[in-house]
Amino acid sequence: MIAYLEFEKPVAQLEARIAELRLAAEGDDVDISGELSRLEKKSASLLASTYAALTPWQKTQVARHPSRPHFRDFVEHAFEEFVPLGGDRLYGEDEAILGGFASLGGRRVMLIGHEKGHDTQSRIRHNFGMGKPEGYRKAIRLMELAGRFGLPVVTLVDTSGAFPGVEAEERGQAEAIARSTEACLALPVPMVATIVGEGGSGGAVALASAERVVMFEHAVYSVISPEGCASILWRTAEKAPDAAEAMKVTAQQLLQLKIIDRIVQEPKGGAHRDPVEAAQSLGRIIGEELDALSGKTSAELRQQREERYLQIGTL
Amino acid sequence: MNWISRVRNSLPFLPKRETPDNLWIKCPKCHEMLFQQDYEDNWRVCQHCEHHGRLGADRRLQLLLDDGFSMLPQPEVREDPLKFRDSKKYVDRLKAARAANPHRDAFSVGSGNIDNRPAVVGVQDFHFMGGSMGMAVGQAFCAGAQEALDRGCAYIVVTAAGGARMQEGILSLMQMPKATVMTRRLKSAGLPYIVVLTDPTTGGVTASYAMLGDVHIAEPDALIGFAGQRVIQDTIRESLPEGFQRAEYLHKHGMVDMVVHRNRLRETLATVLDYLQPAKAA
Ligand SMILES: [Zn+2]
């Protein structure tokens with residue numbers, strides 16, 4: 001049973017009606033297949049038109065959907081192999097940020113990304129995808145390892161932001177994020193970053209400072225959450241829809257602003273309706289991106305990455 | 001009350017182009033009355049309790065650099081490509097900030113010497129829209145780094161910011177990797193990059209160039225952190241420890257090398273620079 005978002009109510013009503021009809025038709029001789037197929041068509045087209053016209057705030061909700069595929073789903077459905085690597089060798093193992101060796105269509109890569117979890121227990125274990133310094137320091141360690149052994153780095157970014165907590169501050173959350181960004185920029189190997197759900201602020205940039213950045217159709221990427229922006233600039237979190245609109249957080253807007261390079265189409269009605277298809281599309285596009293970068297030298301890759309960021313804001 | 005006036009009113013001392021010389025002001029920390037001219041002459045440090053007030057970019061550069069330094073031109077950047085507006089247009093906020101400040105944005109760069117040692121100093125000014133990091137700040141930061149690369153000398157950056165400039169959305173966030181490209185170039189060139197953290201340094205500024213220095217110097221009692229205190233309190237629902245996110249607290253937790261009083265900042269930088277001679281090209 002899928003959780004419907006507020007704006008999906010008309011779709012939900014249609015789908016409920018279809019389910020009812022199906023149930024009623026069981027053991028009944030009345031032929032309702034005509035009516036059923038009419039309703040199904042209507043429902044599918046309503047879903048398609050709803051998702052074709054999502055506002056930035058609606059996309060934010062889709063990006064945060066509880067059933068949206070996360071790191072583990074992508075690993076399962078897009079990669080043939082995953083060998084998890086744990087720990088920062090300094091303090092601990094942070095399960096908000098996962099990483100390890102992975103194989104994608106025969107390509108060996110270092111895969112790193114946020115994992116939000118899918119139920120209460122796993123969400124707590126993964127700290128809702130909010131990384132701590134040890135998570136970012138693990139990412140740094142894995143990026144450096146990848147660099148030394150020529151493994152391209154692929155990241156899956158999906159976080160509301162780095163964890164805001166006393167201990168995270170004490171252990172240098174800011175320093176860990178800054179160093180992780182630096183580690184991305186220093187990589188002598190190809191790096192492809194993907195924004196798969198929420199790209200929340202510094203906690204996202206730390207894993208997304210790549211030469212190629214791709215983004216799911218309904219993912220969002222922003223400097224601060226719409227709620228956070230609204231509560232500061234509008235002085236009420238209720239203005240989050242306005243803040244989302246003003247900040248330009250969607251993949252389509254960010255492609256126009258040249259902040260991302262490419263959009264990965266999601267299954268109809270969002271990635272949460274078909275995580276397998278979503279993962280396969282993502283895997284296919286990451287593969288294409290990696291292949292396009294594979295002939296480049298370390299110097300060319302770094303230059304491409306540096307130029308990308310240096311030109312932002314210039315006339 | 002709009003955002004600007006809210007921030008300005010919350011500042012203990014408004015920056016003024018011309019300081020009236022016969023005004024008394026109250027120290028926000030010890031509440032002693034201070035003769036404003038004395039306070040300015042003392043680089044905005046309270047003579048009674050040593051509270052370090054916020055220093056504007058020009059005064060900061062005067063404090064650190066030998067006379068005769070030159071200012072880099074403020075770089076031109078894309079202005080308001082998002083056409084951002086909340087209760088007010090971002091372009092209007094910018095206009096107001098420019099009217100109230102001597103510079104076009106929150107980051108200024110001086111190129112000269114610190115006690116005869118060549119140095120480029122970049123200063124982030126909290127008085128300009130809370131020092132927030134947008135495209136102009138990022139571009140000026142990079143221009144300062146490039147000047148240091150061209151001169152083959154140290155780059156010293158004095159940070160002060162509430163964080164990223166939200167009105168520039170994702171473009172402000174992208175200043176984090178952008179600035180980091182340049183700190184890496186300084187490193188590759190064997191040039192020292194020194195950060196002076198002043199009150200307040202938070203958010204995306206802390207999580208990028210403020211924490212990538214070869215040496216980190218903080219001013220006493222400066223607020224330095226990643227997450228805002230209210231956000232942290234809302235998350236953990238506990239009270240925060242004494243002195244949380246203050247310079248001394250960061251020193252205790254290993255994030256800054258030293259906490260240095262403003263009146264010893266220049267000599268401290270000079271000493272550090274003596275040890276960090278630009279490396280011979282490898
Ligand atoms: Zn005082």
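User: What makes Lys132(A) count as sitting over the ring of Phe163(A)?

Analyst: Keep in mind that this is a predicted model. The charged end of Lys132(A) is 5.0 Å from the centre of the Phe163(A) ring. The cut-off for the distance is 6 Å, so the lysine qualifies on that score. Chain B has a case with an arginine: Arg59(B) lies over the face of Trp43(B), at 4.0 Å from the ring centre.

User: Why is the pair of Trp24(B) and Phe35(B) called tilted?

Analyst: There are 11 aromatic pairs over all chains. For Trp24(B) and Phe35(B), the ring centres are 5.1 Å apart and the planes meet at 50°. Centres have to lie within 6.5 Å for a pair, and an angle under 30 degrees would be stacked while one over 60 would be edge-to-face. An angle of 50° fits neither of those, so the pair is tilted.

User: Which parts of chain B does that pair tie together?

Analyst: Trp24(B) belongs to strand S1 (residues 24-26) and Phe35(B) to strand S2 (residues 33-35), so the pair links parts that are 11 residues apart in sequence.

User: How do you know whether Trp24(B) is buried or exposed?

Analyst: Trp24(B) has 52% relative accessibility, and the mark for exposed is over 50%, so this tryptophan counts as exposed. Its partner Phe35(B) comes in at 27%. That value falls between 20% and 50%, so Phe35(B) is partly exposed.

User: Which residues form an aromatic cluster?

Analyst: One cluster is made of Phe107(B), Phe141(B), Tyr155(B), Tyr193(B) and Tyr209(B).

User: What makes the arrangement around the zinc ion tetrahedral?

Analyst: The protein donors are the SG atoms of Cys27(B), Cys30(B), Cys46(B) and Cys49(B), lying 2.2 to 2.3 Å from the zinc ion. Those distances are within the 2.8 Å limit, so these atoms count as donors. The 4 donor atoms subtend angles of 108 to 112°. Tetrahedral asks for all angles between 85 and 135 degrees, so the label fits. For reference, ideal angles for four tetrahedral donors are 109.5 degrees.

User: How are the donor residues spaced in sequence?

Analyst: The spacing reads C-x2-C-x15-C-x2-C. Cys27(B) is in the loop between S1 and S2, and Cys49(B) in the loop between helix H2 (36-41) and helix H3 (57-64), so the two tie together parts 22 residues apart in sequence. Cys30(B) is also found in the loop between S1 and S2 of chain B.

User: What does UniProt say about the residues of chain B here?

Analyst: An unreviewed UniProt entry places "zinc finger region: C4-type" at residues 27-49 of chain B. Over that stretch the chain is 26% helix and 13% strand, with the end C-alpha atoms 9 Å apart. The "binding site" annotation, also from an unreviewed entry, covers Cys27(B), Cys30(B), Cys46(B) and Cys49(B). They span 23 residues in sequence, yet no two of their C-alpha atoms are more than 8.6 Å apart, so they gather at one spot.

User: Why is Cys27(B) called buried or exposed?

Analyst: Cys27(B) has a relative accessible area of 1%, and buried means under 20%, so this cysteine is buried. Cys49(B) counts as partly exposed at 29%, and Cys30(B) is partly exposed at 29% too.

User: How many disulfides does the structure hold?

Analyst: The count is 0 over all chains.

User: What makes Cys229(A) buried?

Analyst: Its relative accessibility is 0%, and the limit is under 20%, so Cys229(A) is buried. Cys229(A) is one of the buried residues of helix H10 (residues 226-234) of chain A. Just after H10(A), Arg235(A) takes a positive phi of about 60°.

Definitions and conventions
Residues are numbered from 1 along each chain as its sequence is written. Chains are lettered from A and ligands numbered from 1 in the order in which they are written. This is a predicted model: local features need pLDDT of at least 70, side-chain atom pairs count only at pLDDT 80 or more; totals for chains, interfaces and linings use all residues. Side-chain values use heavy atoms; hydrogens and water are left out. Rings of Phe, Tyr and Trp (its six-membered ring) pair if their centres lie within 6.5 Å; planes under 30 degrees apart count as stacked, over 60 as edge-to-face and the rest as tilted. Helices (H or I, at least four residues) and strands (E, at least two) are DSSP runs, numbered from the N terminus. Buried means under 20% relative accessible area, exposed over 50%, partly exposed in between (1.4 Å probe, protein chains only). A charge sits over a ring if NZ of Lys or CZ of Arg is within 6 Å of the ring centre and within 35 degrees of the ring normal. Donors are N, O and S atoms within 2.8 Å of the metal (3.2 Å for Na, K and Ca); water is not among the atoms, so sites may look incomplete. Four donors count as tetrahedral if all angles lie between 85 and 135 degrees; four count as square planar and six as octahedral if opposite donors are over 155 degrees apart and all others between 65 and 115; anything else is irregular. UniProt positions are given in the numbering used here, feature names are shortened, and annotations may be inferred rather than shown by experiment. A disulfide is a pair of cysteine sulfur atoms within 2.5 Å.
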